[in-house]
Amino acid sequence: FNISQGVLQCAACRAEGENDIRLPMSAGTRAALRYLDSAPSSRVFSFRLAEPSLSELGQITESYLCTRLERGFSTLDFYKSLRLMAVHNPENPQ
């Protein structure tokens, strides 16, 4: 996934001297992106994706949004810190 351009590209499509950031992705993530691109808004959340691909999709979409909007999201950072605490300390949720 070419973050700068917001497009899917194969390795052979990279132009010589191009410095765009690209993230590799699994076939499941690629299929999910294609679905999201063509699905009507009422069906956007109507698909299932295995956890590894779901995490990958989240990372790619977050990277794309942060690049395009040229800023981070403090609420998202806070949410991620809560999830990280829960993973590292599942016995003592606070």
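A good place to start is the surface, where Phe78, Leu82 and Met85 form a nonpolar patch with about 300 Å² of accessible area together. One member of this patch, methionine 85, lies in helix 3, which covers residues 74-88. The model described here is a predicted one.

Stepping back to the whole chain, the model has three helices and zero strands. Read along the sequence, the protein chain therefore gives the pattern α-α-α. The radius of gyration is 16 Å, well over the 12 Å that the globule rule gives for 94 residues, so the chain is more spread out than a compact globule. Along its principal axes, the C-alpha trace spans about 50 × 30 × 20 Å. Of the 94 residues, 15% count as buried. The chain exposes about 7400 Å², and carbon and sulfur atoms supply 56% of that area. Among contacts between residues at least 6 apart in sequence, 40% join residues at least 24 apart.

Turning to the interior, nonpolar side chains tend to be buried together in soluble globular proteins. In this model, the largest nonpolar core has seven residues, namely Phe1, Ile3, Met25, Ala32, Leu33, Leu57 and Ile60. Two elements give two or more residues to this core: helix 1 (27-38) and helix 2 (51-69). Isoleucine 60 offers a closer view of the surroundings of one core member. Apart from its neighbours within four places in sequence, isoleucine 60 is in contact with Phe1, Ile3, Leu23, Pro24, Met25 and Thr29.

Charged residues come next. Side chains of opposite charge can pair when their charged atoms come close. A search of the whole structure finds one salt bridge. This bridge is formed by lysine 80 and glutamate 62, whose closest N and O atoms are 2.8 Å apart. Because lysine 80 lies in helix 3 and glutamate 62 in helix 2, the pair ties together parts that are 18 residues apart in sequence. Lysine 80 is partly exposed, with a relative accessible area of 37%, and glutamate 62 is also partly exposed, at 23%.

Helix 3 also holds threonine 75. At 60% relative accessibility, threonine 75 counts as exposed, because the cut-off for that class is over 50%. Threonine 75 and glutamate 18 are separated by 57 residues in sequence, and their C-alpha atoms are 33 Å apart in space. Helix 3 thus brings together several of the residues described above: methionine 85 of the surface patch, lysine 80 of the salt bridge and the exposed threonine 75.

Definitions and conventions: Residues numbered from 1 in each chain as written. Predicted model: local features only at pLDDT ≥ 70, side-chain atom pairs only at ≥ 80, totals over all residues. Heavy atoms only, no water. Patch = residues over 30% accessible without salt bridge, like charges linked within 9 Å, V, L, I, M, F, W, Y side chains within 5 Å. Areas by Shrake-Rupley, 256 points an atom, 1.4 Å probe, with all protein chains shown as cover. Salt bridge = Lys/Arg side-chain N within 4 Å of Asp/Glu carboxyl O. Helix = DSSP H or I, 4+ residues; strand = E, 2+ residues; numbered from the N terminus. Core = buried A, V, L, I, M, F, W, Y, C linked by side-chain atoms within 4.5 Å. Buried < 20%, exposed > 50% of the residue type's maximum accessible area, 1.4 Å probe, protein only. Contact = heavy atoms within 4.5 Å. Rg over C-alpha atoms; globule rule 2.2 N^0.38 Å.
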